[in-house]
Amino acid sequence: MKLSVTGRHVAVSDAVREGISSKVRRLDRVLNDSAVSAQCVIARERQLFVCELTVHARGDHMLHAVARHARLPSAVTAAVDKVGQQAARLSDRWKTRRRTSRPARAAALGVEPAPERSGPLDSARGAPRVVRSRLRAVKPMSLDDALLALSDAQQNFLVFRRAESDAVAILYRRPDGDFGLIEPEG
């Protein structure tokens with residue numbers, strides 16, 4: 001973890017930097033080496049030292065604490081303890097998310113599991129899934145316009161409305177290079 005120590009209107013000696021570094025190293029153990037960087041700002045307000053500590057952990061988590069005390073080491077210890085409590089909560093959150101399995105999460109959301117199926121689709125990967133890709137606009141166009149649009153596109157199918165009848169039709173690319181047309185009855 002990269003640590004930067006800054007003093008505002010206070011001279012920060014090497015001994016103070018080393019003391020802060022040793023106290024902040026405890027946070028690295030709590031976060032299981034997932035702390036990216038830490039910034040410690042030491043300031044003086046009236047007769048108190050103010051230690052402002054910010055730790056950046058993986059996943060854009062920012063842990064922040066401010067502590068005030070008459071003695072600088074006590075202010076640093078208090079700030080590290082506050083961030084340590086936040087780090088412990090974050091670490092526990094990561095552990096419980098790792099422990100929960102997918103069926104337990106689905107049950108918590110109120111989603112019922114799909115019924116067991118037997119057959120050729122239930123082999124290695126289980127029941128087939130429906131994956132929604134995105135919404136498509138169904139534009140009215142003639143068959144010639146649809147052929148031009150599908151031949152220029154990288155897609156294998158095109159859903160459109162027939163300009164003549166306003167019925168939905170599907171134009172698809174066949175494996176032999178030709179195009180197929182699916183139209184509803186009636």
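This briefing describes the fold, the burial and the side-chain contacts of one protein chain. The model is predicted. The protein chain has 186 residues, of which 26% count as buried, and its secondary structure comprises 4 helices and 8 strands. The structure holds 5 salt bridges, and Arg 162, Glu 164 and Glu 183 are joined in a network of such bridges.

**Overall architecture**

- Followed along the sequence, the helices and strands of the protein chain come in the pattern β-α-β-β-β-α-α-β-α-β-β-β.
- When contacts in the protein chain between residues at least 6 apart in sequence are taken together, 33% of them join residues at least 24 apart.
- The protein chain has an accessible surface of about 13,500 Å², and carbon and sulfur atoms account for 52% of that area.

**Surroundings of Ala 35**

- Ala 35 belongs to strand S2, which covers residues 35–45, and with a relative accessible area of 9% this residue is buried.
- Leaving aside residues up to four places away in sequence, Ala 35 touches Met 1, Asp 28, Val 55, His 56 and Ala 57.
- Although Ala 35 and Lys 2 are 33 residues apart along the chain, their C-alpha atoms are separated by 8.7 Å.

**Salt bridge between strands S2 and S4**

- Glu 45 and Arg 68 form a salt bridge in which the closest N and O atoms are 3.4 Å apart. Because Glu 45 lies in strand S2 and Arg 68 in strand S4 (residues 61–69), the pair ties together parts that are 23 residues apart in sequence.
- Both ends of this bridge count as partly exposed, since the relative accessible area of Glu 45 is 38% and the relative accessibility of Arg 68 is 48%.

**Salt-bridge network around Arg 162**

- Glu 183 forms a salt bridge with Arg 162, and the closest N and O atoms of this pair are 2.5 Å apart. Glu 183 lies in the segment after strand S8 (179–182) while Arg 162 is in strand S6 (residues 157–162), so the pair ties together parts that are 21 residues apart in sequence.
- Arg 162 also meets the side chain of Glu 164 in a salt bridge, with an N to O distance of 3.1 Å, and the three residues Arg 162, Glu 164 and Glu 183 are thereby linked in a network.
- The members of the network are covered to various extents: Arg 162 counts as buried at 14% relative accessibility, Glu 183 counts as partly exposed at 43%, and Glu 164 counts as exposed at 55%.

**Aromatic rings and nonpolar surface**

- Arg 44 lies over the face of Phe 49, at a distance of 4.3 Å from the ring centre.
- As for pairs between aromatic rings themselves, the count comes to 0 when ring centres must lie within 6.5 Å of each other.
- Phe 157, Ile 170 and Ile 182 make a nonpolar patch on the surface, with an area of about 230 Å².
- Within this patch, Ile 170 has its place in strand S7, which covers residues 168–173, and at 30% relative accessibility Ile 170 counts as partly exposed.

Note on methods. Residues numbered from 1 in each chain as written. Predicted model: local features only at pLDDT ≥ 70, side-chain atom pairs only at ≥ 80, totals over all residues. Heavy atoms only, no water. Phe/Tyr/Trp six-rings, centres within 6.5 Å; stacked < 30°, edge-to-face > 60°. Lys NZ or Arg CZ within 6 Å of the ring centre and 35° of its normal. Patch = residues over 30% accessible without salt bridge, like charges linked within 9 Å, V, L, I, M, F, W, Y side chains within 5 Å. Areas by Shrake-Rupley, 256 points an atom, 1.4 Å probe, with all protein chains shown as cover. Salt bridge = Lys/Arg side-chain N within 4 Å of Asp/Glu carboxyl O. Helix = DSSP H or I, 4+ residues; strand = E, 2+ residues; numbered from the N terminus. Buried < 20%, exposed > 50% of the residue type's maximum accessible area, 1.4 Å probe, protein only. Contact = heavy atoms within 4.5 Å.
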